[in-house]
Amino acid sequence: MSDLVLRMTDVYRVHGSGPTAVRALDGVSLTVAAGELVAVMGPSGSGKSTLLNLAGALDLPTAGVVEIDGQSTSSLRPADLAALRRRRVGVVFQDLNLIPSLTAAENIGLPLELDGRRVSEARRAAVGALHELGLDELADRYPDQMSGGQQQRVAIARALVGDRRLVLADEPTGALDSLTGEGVLAVLRARCDGGAAGLLVTHEARHAAWADRVVYLRDGRVVDSTEAYGAPSMPRGRHTSPPAGMPSAPPPATTSPAAPASAPTLVGQPGERASEG
Ligand code: ADP
Ligand code: MG
């Protein structure tokens, strides 16, 4: 756990003020080391997207500290914060945010170009990222010439391009069929095995099985945190070659984001399945 990429310490995020204030995060502490993939689960409104936004320096905490590669996001000037985001953080948004007037390769290369790399170098990296996801043929297509699933995979390629140390994904498999979805998770897993730190919001236990740990949120708090399949001492790199379309590990023992014993009234109610918000 020495090479921490993300460290969140007693983090609060309050939206609004006065009696209508919402504590989207209510004292969350979390670390993600290089090589680790951490899944975040929890019901709609539990603070998952807020957590991801803070982890990616897209938003700042009301209180507490968020550090990326040892730098507190609250202490950076806006220009340095923007540079940190561009260089270190890859984000797959729920709404894809692809730019319609740019091709897939241009969309993917854009963050590198903004960071001062040559167009040819950005193009090469973008084509490489598309290749990694098996999407070579999409390089010169515009978003409206792709299916929803293809757009989503291009957005994932954009998040993985370059040497991002921190990769954040909010339900990245939403529009994908299950086989393609597993393929995307395999790429995310491979990135983490290659040294990135990953944070994955999901409500499917099957997807969380790709993670080293699962963190459960409820009402802005971490209510439980587990090793995904109870093997904390297993060496890293075990996920690098799963059978085609298959997770390389069994699903976690915990199949639903159950509340801890201290909140028995919330367990097993109808409609208690975690859903996305
Ligand atoms: P999740 O992703 O788990 O569904 P969110 O992080 O989106 O949860 O939201 C957590 C809580 O914070 C919810 O109650 C939500 O309504 C509230 N919230 C999120 N963003 C805002 C905002 N910009 N303004 C006010 N309330 C917000
Ligand atoms: Mg959300």
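**Exercise 1.** Locate Asp-69, which lies in the loop between strand S4 (63–68) and strand S5 (71–72), and decide whether Asp-69 is buried, exposed or partly exposed.

*Solution.* The model is predicted; local features need pLDDT of at least 70, side-chain atom pairs count only at pLDDT 80 or more, and totals for chains, interfaces and linings use all residues. Residues are numbered from 1 along each chain as its sequence is written, and chains are lettered from A and ligands numbered from 1 in the order in which they are written.

Step 1. Strands are DSSP runs of E with at least two residues, and helices are runs of H or I with at least four, numbered from the N terminus.

Step 2. A residue is buried if 20 or more other C-beta atoms, placed from the backbone, lie within 10 Å of its own, exposed if 12 or fewer, and partly exposed in between. Asp-69 has 17 C-beta neighbours inside 10 Å, so Asp-69 is partly exposed.

Step 3. Beyond the neighbours within four places in sequence, Asp-69 contacts Val-5, Arg-88 and Arg-165 (contact: C-beta atoms, placed from the backbone, within 7 Å).

**Exercise 2.** Describe how helix H3 (residues 104–114) and helix H5 (residues 148–160) cross.

*Solution.* Step 1. The axes of H3 and H5 come within 8 Å and cross at roughly 30° (axes are lines fitted to C-alpha atoms over the stretch in contact; angles run from 0 to 180 degrees between N-to-C directions).

Step 2. H3 is therefore roughly parallel to H5 (angles under 35 degrees; over 145 is roughly antiparallel, 65 to 115 roughly perpendicular and the rest oblique).

Step 3. Ala-104, Asn-107, Ile-108 and Pro-111 of H3 make the contact with Val-154, Ala-157 and Arg-158 of H5.

Key
Two residues are in contact if their C-beta atoms, placed from the backbone, lie within 7 Å.
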